[in-house]
Amino acid sequence: GSKKTTSLIKDINQGSGSSNPTEFRTHKNQAYFSANNGKKGQELWGSNGDSEGTKLLADINQGPASSFPSDLIWFNQRLFFAADDGMNGRELWDYDPSSKKANLVDDIQKNSPRSSSNPTGLTAFDGNLYFAATGDIYGRELWKSTGKLNQAYRISDINPGGFNSNPEDLVVLGNNLYFTAKTPYGDRAIYKTNGAPNDFTE
């Protein structure tokens with residue numbers, strides 16, 4: 001681009017304040033991202049590329065507080081992401097453009113009020129959504145969701161018990177999902193899975 005072809009689409013946080021737009025994800029003719037308009041906190045926004053079409057889509061943590069949407073991914077005709085509504089901790093959410101509503105998909109840490117499973121690395125593979133999350137008992141491991149309400153479940157316990165394997169760097173190659181994780185010996189290694197529970201190899 002150049003100065004002649006580069007222009008401000010919208011001053012989301014009007015004045016000298018920053019809206020801090022981050023976490024961009026596009027689908028068809030729409031861009032989805034996280035931004036702060038100075039009144040509603042860091043929340044989910046959408047844009048069709050012009051000022052009028054750039055709007056706040058969901059105020060998940062209502063009021064001036066922020067839900068900090070992150071790890072956005074388009075899956076099964078909806079936008080999935082991690083967010084904190086101020087009541088259930090940081091969990092898995094979706095936004096349905098047809099209903100124009102955001103919904104809590106799964107409260108993985110439901111037995112611990114306001115605790116967060118903190119889903120990260122959301123990746124679509126084999127018709128499901130995979131991500132790292134912290135459960136109530138088994139620490140931070142690899143989880144899987146169909147995208148339907150309350151159907152997420154842990155598929156691995158690489159670092160057994162309450163210890164964390166901290167899966168990261170999720171990537172699809174061929175018929176497998178590859179990721180890095182902390183082994184029981186304290187080092188990190190590359191693992192792969194075909195999606196079946198506890199069916200993973202180093």
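**Close-up views of an all-strand chain**

In this chain, 38% of the contacts with a separation of 6 or more involve residues 24 or more positions apart. The model shown is a predicted one, and the legends below start with the whole chain before moving in on single strands, turns and residues.

**View 1. The whole protein chain, with 16 strands and 0 helices.** The chain's radius of gyration is 18 Å, close to the 17 Å that the globule rule gives for 202 residues, so the chain is as compact as a globular protein of that length. Put a box around the C-alpha atoms, along the principal axes, and you get roughly 55 × 40 × 30 Å. Of the 202 residues, 44% are buried. The chain exposes about 10,800 Å², and carbon and sulfur atoms supply 48% of that area. As for charge, there are 21 positive and 23 negative ones, and their mean positions sit 7 Å apart.

**View 2. An open sheet in the order β9-β10-β11-β12.** These 4 strands pair in the antiparallel sense. Which strands stand at the edges? They are β9 (120–125) and β12 (153–154); each has a single partner strand, so one side of each is left without a neighbour in the sheet.

**View 3. The hairpin of β9 and β10, with 2 residues between the strands.** Here β9 pairs with β10 (residues 128–134) over 4 bridges, running antiparallel. To follow the pairing by eye, start with threonine 120, which stands opposite alanine 132 in β10. Then look for alanine 124, whose bridge partner in β10 is leucine 129. In this hairpin, aspartate 126 takes a positive phi near 55°.

**View 4. The hairpin of β13 and β14, which has 2 residues between the strands.** How many bridges join β13 (residues 168–173) to β14 (residues 176–182)? There are 4, and the two strands run antiparallel. Valine 171 is a handy place to look, as its bridge partner in β14 is tyrosine 178. The residue with a positive phi in this hairpin is glycine 174, at a value near 65°.

**View 5. Serine 70 in strand β5 (residues 70–75).** Is serine 70 buried or exposed? Its relative accessible area is 10%, and it is buried because that falls under the 20% cut-off. Leaving out residues up to four places away in sequence, serine 70 touches Glu23, Phe81, Ala82 and Arg90. One of these partners, Glu23, gets its own legend next.

**View 6. Glutamate 23 in strand β1 (residues 22–27), and lysine 28 in the loop between β1 and β2 (30–36).** Glutamate 23 has a phi near 60°, a positive value in a residue other than glycine. Lysine 28 is not a glycine either, and its phi is positive too, at about 55°. What about their surroundings? Glutamate 23 counts as partly exposed, at 34% relative accessibility, while lysine 28 is exposed, with a relative accessible area of 72%.

**View 7. Alanine 83 in strand β6 (residues 78–84).** With 0% relative accessibility, alanine 83 counts as buried. Which residues does alanine 83 touch, not counting those up to four places away in sequence? The list runs Ile60, Ser67, Phe68, Pro69, Gly89, Arg90, Glu91 and Trp93. For a sense of scale, find arginine 114, which is 31 residues from alanine 83 along the chain; their C-alpha atoms are separated by 12 Å.

**View 8. Serine 117 in the loop between β8 (101–106) and β9.** This loop residue counts as buried, at 0% relative accessibility. Setting aside neighbours within four places in sequence, serine 117 is in contact with Arg90, Glu91, Ile108, Gln109, Ala133, Thr134 and Arg140. Arg90 and Glu91 also appear among the residues that alanine 83 touches, and Arg90 is one of those touched by serine 70. Tyrosine 138 lies 21 residues from serine 117 along the chain, and the C-alpha atoms of the two are separated by 11 Å.

Definitions and conventions
Residues numbered from 1 in each chain as written. Predicted model: local features only at pLDDT ≥ 70, side-chain atom pairs only at ≥ 80, totals over all residues. Heavy atoms only, no water. Rg over C-alpha atoms; globule rule 2.2 N^0.38 Å. Buried < 20%, exposed > 50% of the residue type's maximum accessible area, 1.4 Å probe, protein only. Contact = heavy atoms within 4.5 Å. Areas by Shrake-Rupley, 256 points an atom, 1.4 Å probe, with all protein chains shown as cover. Lys, Arg positive; Asp, Glu negative; His and termini not counted. Charge placed at Lys NZ, Arg CZ, Asp CG, Glu CD. Pairing = 2+ DSSP bridges.
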